[in-house]
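Dear colleague,

I am handing over the structure below, and my notes on what was found in it follow directly after.

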Amino acid sequence: MSEADGPRLGAALGVVGGGQLGRMLGLAARPLGHPLHVLAPPSNAGAPARAVAARWVEGAFSDLEAHRTLAADVAALTFEVEDAEPDVLAALEAEGIAVHPSPAALRIVRRRASQRRWLAEKGFPMPALRVVESVDALAAAEAELASAAGPPFVKTDRGGFDGRGQARGKASQDPAMRAALEEQPLVVEAAVPFERELSVLVARDAAGNVAVHPVAENVHIQAVLHHALLPARVDEPTAAEARDLAKRLAEAIGLVGILVVELFVTRDGLLVNEMALRPHNTFHGADRACALGQFEQQLRAVLGWPLGDPELQRPTALVNLFGDLWEGGGGAGLDLATALAVPTVQVHLYEKAATRPRRKMGHLTATGATVDEALARALEAERRLRAAAGIPPFGEAP
Ligand code: AMP
């Protein structure tokens, strides 16, 4: 599609990656008449997007021919994983395919070190940090960045999410981190004594129009997102500053699509934790909380439809459902009825083929007159599910 022509009714959207984000994008695309074409590696045969894809192309993220097959009959291409390969996407772009966000932006964001370097160059506020490439430099940075808030966080350049690829305290003696250092740099970050964690979602279209969702709040347990609130429990000046920072990020990176930035709220202001050029777990409740959800907004930004005004409709809380719920209860599976009996609760399961205790298998949302009421309902539904499975609260030892 040439951008000047505007979006084509009924055209397919191509997406690289077949996970739950692709699945939810497919579900949002269908009512607007856009089928989803998905490229995923062969190992993803049982991936969540499979059930909603009109076309499934098997291929590695490095496989240019498979990407050409995906791009053959789509209006535009996007991606839902950081592992998408910028060189391959850039080759398609050079062949005239609309790829949003741009491969150049993906190249900056997909690795932790290059993301941190770019943010520093552009002057965005961040925790004190060092990028290290040897065990000696790691040990020195760990000593230098230790503070009253404790030892620094040491994070791998790639492949780190949901607490994986992260260590705290004596990382220079940790065999896994030493092995990682042989292949990639590590980012060492001072521990931030934050008051809250926020996420901001900004959409930007090819004409430069911007729309920002209400600011969301994240609560992590053991470095994995456990629940999220929309709107965040912060004062309006803080929320306004967060939205403004996200807009500046979107402009600085030349975004077409959506971007989510995670922020720490500290006594001295906001600090950027990390950013992603795709939908984000924090905003899975946005279709209930706001006038439109993140996936419809992503679709509109990428295909060139007018962006939606994502104004807040009703406070909403989200709780993630992890694999331990499936593995508990003698393998009886999820006691869905007990969760659905809680007022306003809705459940979205990702249909993942394999469970692991900390793997995100789905989420539930609840609404309320206030965000605290919504959260109480969502947590009650989770409590019932865990009790039915005979397992303790998430993050507590059995
Ligand atoms: P990340 O994968 O980098 O987003 O880290 C996951 C979670 O670990 C964050 O959302 C925080 O709760 C915590 N965390 C990561 N880095 C830091 C830091 N520098 N200071 C304090 N907490 C952190």
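Of the 16 residues around the ligand (a residue is near if one of its heavy atoms lies within 4 Å), Lys155, Val192, Glu197, His220 and Asn273 come nearest. Please bear in mind that this is a predicted model, in which local features need pLDDT of at least 70 and side-chain atom pairs count only at pLDDT 80 or more, while totals for chains, interfaces and linings use all residues. Residues are numbered from 1 along each chain as its sequence is written, and side-chain values use heavy atoms, with hydrogens and water left out.

Among the polar contacts (pairs of N or O atoms within 3.5 Å), a backbone N or O atom of Val192 lies 2.8 Å from a nitrogen atom of the ligand, and a side-chain N or O atom of Asn273 is 2.9 Å from a ligand oxygen atom. A polar side-chain atom of Glu274 lies 3.0 Å from an oxygen atom of the ligand. The protein covers 93% of the 470 Å² of accessible area (Shrake-Rupley method, 1.4 Å probe) that the ligand has on its own.

Elsewhere, four strands (DSSP runs of E, at least two residues, numbered from the N terminus) form an open sheet in the order S3-S2-S1-S4, with parallel pairing (at least two DSSP bridges between two strands). Strand S3 (55–58) and strand S4 (76–79) stand at the edges with a single partner strand each, so one side of each is left without a neighbour in the sheet.

Best wishes

Notes. Polar contact = N/O pair within 3.5 Å; in protein donor to acceptor, adjacent residues only side chain to side chain.
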